[in-house]
Amino acid sequence: MHTTPQTPATASTPAAAALCVYYDGGCPLCRAEIATYQRTEGGDAVQWVDAHGCAPAELGPDLQRPDALARLHVRRADGTLLHGAAAFAEIWSTLPRWRWLSRLARLPGVLPVLELGYRAFLRVRPLWRPAGGTASALPLPLLRELRTDHAGETGAVMIYRGILAVTRDPELRAFAQHHLDTESRHLALIEPVVPPAWRSRLLPLWRASGWLTGVLPACFGPRAVYATIQAVETFVDHHYAAQLDLIDTLQREHPSPELAALRALLQQCQQDEVAHRDDAAARWNGRARGPLAVWRWLVGSGSAAAVRVCRHI
C-alpha cells in the first residue's frame with residue numbers, strides 16, 4: 001500500500017471530510033467511475049475534488065496537480081494520503097455497497113495485483129483523455145464550451161461557402177465573401193486553443209449542416225439569406241455572452257493570464273458576430289413571416305440543439 005503520512009487535518013484543509021478523493025475530471029472514464037461512486041449510498045459523505053479544474057489550495061500543500069492528474073489520490077481524515085489501488089480500496093471501504101470489494105482487495109497479495117492492473121490502465125488512459133495545448137489548463141465546463149465554438153466556427157465557414165456555391169448576386173456574393181473571411185479568421189484563432197482530441201467528433205455533420213444552412217436560403221434570394229444570418233448571429237451573440245460570463249466567474253475564483261487571453265479572443269469573436277448580425281439586419285430590414293419565420297425558428301432551435309450535443313460529443 002502506498003501511503004504518505006501527513007499532519008492532522010484542520011478545518012481549512014481539503015481533508016475536513018471523512019475522506020477526500022482527488023480525481024481527473026478531464027478523463028471521461030475516470031469521470032464516469034467517480035460519478036458512479038458519487039451516486040451510490042455514502043457518496044454524499046465523501047469530498048470529491050476534480051483535480052483537473054480545482055484551485056491549488058483544494059489539493060493541499062503536499063499534492064501537486066500533475067501528480068493528482070496522473071493517478072487517483074485520496075486523503076483520510078487524519079491527513080494520510082494514499083494513491084493508486086490503495087486509494088480505490090479506501091473509497092470502496094467508505095461506500096456500503098462496495099465494502100465487499102474493499103475486503104477482497106485487502107486479502108494477502110490482492111492489492112499488489114490490483115496496483116499492477118491500475119498501472120496498466122494508466123498506460124492506455126491517454127487514448128481516452130484529451131490533452132495538450134492551452135486546453136489542458138482550463139476547467140472542463142469551459143473546455144466543452146470551446147468545443148462548441150470550434151464546431152460553430154467550422155459550421156459558419158460552411159454557411160458562407162454554401163451561399164457562394166449558389167448565388168450569383170454580386171452584392172450577396174460580396175457580403176458572403178467578406179463574412180467568410182472573418183469566420184475563417186475566427187476558426188484559425190480557435191483551432192490552436194482546442195486541440196484535435198477535444199474537438200467534436202461530429203464535425204462532418206456540422207460542416208454539412210452549415211453548408212445546407214447557407215445553400216437553402218440562397219436558393220430563395222438575398223432576403224432569405226440575410227434573415228438567416230441575422231437569426232444565426234443572434235444566437236451566436238448570446239452563446240458567446242454566456243461564455244464570457246463563465247470566464248468572468250472563473251476569473252473571480254482563480255485569476256489566470258490564460259483565462260484573460262481567452263476572454264479577449266472570445267470577446268473579439270463576439271463583436272465580429274454582432275457586426276455580422278447588424279449588417280444582415282440592415283440589408284433586409286424586415287420582419288419574417290410565414291415560411292421565412294418558420295425557417296428562422298428552425299435555424300435558432302437547431303443551433304441551440306447542436307450546441308447541447310457538441311458539448312459532449
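Is Pro-217 buried or exposed? Pro-217 is buried, with a relative accessible area of 3%. The model shown in these views is predicted.

**View 1. Overall fold of the predicted chain.** The protein chain holds twelve helices and five strands. It has 313 residues, and 46% of them count as buried. Consider contacts in the chain with a separation of 6 or more. Residues 24 or more positions apart account for 74% of these.

**View 2. The surroundings of Pro-217.** This proline lies in helix α9. Its relative accessible area of 3% falls under the 20% cut-off, so Pro-217 counts as buried. Neighbours within four places in sequence are left aside here. Beyond them, Pro-217 is in contact with Leu-212, Ala-224, Val-225, Thr-228 and Trp-295. Gly-162 is 55 residues from Pro-217 in sequence. In space, the C-alpha atoms of Pro-217 and Gly-162 are 9.6 Å apart.

**View 3. The largest pocket and its lining.** The largest pocket encloses about 570 Å³ of space. Four elements each give two or more residues to its lining: α7 (140-166), α9 (203-218), α10 (222-253) and α12 (291-310). In total, 28 residues line the pocket. Nearest its centre lie Gly-152, Gly-155, Gly-302, Ser-303 and Ala-306. By class, the lining divides into 14 nonpolar, nine polar and five charged residues.

**View 4. Strand β2, covered on both faces.** Strand β2 covers residues 19-23, and five of its five residues are buried. In a regular strand, side chains alternate between the two faces of the sheet. In β2, Leu-19, Val-21 and Tyr-23 belong to one side. Cys-20 and Tyr-22 belong to the other. Both faces of β2 are covered.

**View 5. The partners of β2.** Strand β2 pairs with β4 (residues 73-76) in the antiparallel sense, over four bridges. Tyr-22 stands opposite His-73 in β4. Cys-20 stands opposite Arg-75, also in β4. Strand β3 (residues 47-50) runs parallel to β2, and four bridges join the two. In β3, Gln-47 is the bridge partner of Cys-20. Cys-20 thus has a partner in β3 and another in β4.

**View 6. The hairpin of β4 and β5.** Strands β4 and β5 (residues 81-83) run antiparallel, joined by three bridges. Val-74 has Leu-82 of β5 as its bridge partner. Four residues lie between the strands of this hairpin. In the hairpin, Gly-79 takes a positive phi near 95°.

**View 7. Helix α8 and what covers it.** Helix α8 (residues 170-190) has 21 residues. At 1.5 Å a residue it should span 30 Å. Its end C-alpha atoms are 30 Å apart, which agrees. The buried residues of α8 are Leu-172, Phe-175, Ala-176, His-179, Leu-180, Thr-182, Glu-183, His-186, Leu-187 and Ile-190. An α-helix has 3.6 residues a turn, so residues three or four places apart point the same way. Among the elements covering the buried residues of α8 are α7, α10 and α11 (257-284).

Conventions: Residues are numbered from 1 along each chain as its sequence is written. This is a predicted model: local features need pLDDT of at least 70, side-chain atom pairs count only at pLDDT 80 or more; totals for chains, interfaces and linings use all residues. Side-chain values use heavy atoms; hydrogens and water are left out. On a 1 Å grid over the protein atoms alone, a cavity is a set of points where a 1.4 Å probe fits but cannot get out, and a pocket is an open set with protein on both sides within 12 Å along at least five of seven lines; lining residues have an atom within 4 Å of a point. Grid points are joined across faces, edges and corners, and a volume is the space filled by probe spheres set on the points. Ala, Val, Leu, Ile, Met, Phe, Trp, Tyr, Cys and Pro count as nonpolar, Asp, Glu, Lys and Arg as charged, and the others, Gly among them, as polar. Buried means under 20% relative accessible area, exposed over 50%, partly exposed in between (1.4 Å probe, protein chains only). Two strands pair if DSSP finds at least two bridges between them. The expected span of a helix is 1.5 Å times one less than its number of residues. Contact means heavy atoms within 4.5 Å.
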